[in-house]
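Work through the following exercises with the model open beside you, and compare each of your steps with the solution given.

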Amino acid sequence: MSTSSTDARQSRGFRLKLPGQLSGIIGAFLIMVGIAAFVSPQFLTEYNMTIMARELAFIGIVAIAQGLLLLLGDIDVSIGAIAGLAGIVCAKLLVDFEFNPVLAIGLSILAAALAGAINGIIITTFNLNSLVVTIGMLSVYSGLNLFITQGRTIVGLPEEVTFLGSSRFLGLPAPLWIMLGLFVLVALLTTVTVYGRKLYAVGNSREAARIVGISAQKVRIVAYSLAGALAGTAGILMAFRLLSAQATLGQNWLLPSIAAPVIGGIATTGGIGTIWGALIGAAIMVVIGNIIVLGGVGIYLQQVVTGLIVVVAVVIDAVTRRFGGK
């Protein structure tokens, strides 16, 4: 059987499995919401829903970014540091150099995309493990964040931009609308474009993709660049939300960025899952975090629970792949 026909068969299999898989994830999410609403009267209050919507905006964007790479079978653990880098660069340009806001935001997103592209170029050029490379780059970008800020918090962001992080539109936080817009763009990119088909093909089998003429290196570098730009957008919005930027910006997003896509059905080996799943996984992570807060669990135990969720999600993914033949 030819490689192209094998890919086609895998693609058909993916489409047949997708509705049931997504339905199960959505069902689990709704059950979780129902239990939370029953256990805590505060869960469905407007105040609490607004808090969750804001949280979902940021976790959702980094989950979409990481989901793109997981679809390739790659991972970027420096994604939180890249987000922080963009937020810090933007704040620096606005406060210390008084850049035009549009130009500052554009250059900051470009810097994040470049950081992601550097990761992709190193990994693909030398055929290295993405986890090992991005652990090293995590240190590089975290160090850059410290160097740029000199350990201080950058404050004094102009009001012309901070509304993007704190205002509301049609009752919902502005960052949530931006997240939804980015989600639609990435969902369309992965489902209706030639690049999206190449992304899944490379994720399924890089060798098979090469045989049919797809440059896995280009596809992966583009994905790393897009992931960097998305993470950078989240970092900039968070800086606007906090009215400041500091070296630790985005530091807490690594685990949710990995857990959300895996919970949402994206296989860590690549080629299986959807951006829809990453978004629903992010919503599940936010609800779980909110339940923990409403339950009065301390901040240190919250980290324990989040870590356990990541481990359980990865184990379930591994077991599913073992019995599913992937």
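**Exercise 1.** Is Leu146 buried, partly exposed or exposed, judged by its relative accessible area?

*Solution.* The model is predicted, so local features need pLDDT of at least 70 and side-chain atom pairs count only at pLDDT 80 or more, while totals for chains, interfaces and linings use all residues. Residues are numbered from 1 along each chain as its sequence is written, and side-chain values use heavy atoms, with hydrogens and water left out. Buried means under 20% relative accessible area, exposed over 50%, and partly exposed in between, with a 1.4 Å probe and protein chains only. Leu146 has a value of 48% and is therefore partly exposed.

**Exercise 2.** Place Leu146 in its helix and find which residues it touches.

*Solution.* Leu146 belongs to helix H5, residues 130-149, where helices are DSSP runs (H or I, at least four residues) numbered from the N terminus. Leaving aside residues up to four places away in sequence, Leu146 touches Gly151 and Ala247, a contact being heavy atoms within 4.5 Å. The C-alpha atoms of Leu146 and Thr248 are separated by 8.4 Å, although these positions lie 102 residues apart along the chain count.

**Exercise 3.** Is Thr50 buried or exposed, and which residues does Thr50 touch?

*Solution.* Thr50 is found in helix H2. Its relative accessibility is 10%, so Thr50 counts as buried. Beyond residues up to four places away in sequence, Thr50 touches Arg168 and Pro173.

Key. Helices (H or I, at least four residues) and strands (E, at least two) are DSSP runs, numbered from the N terminus.
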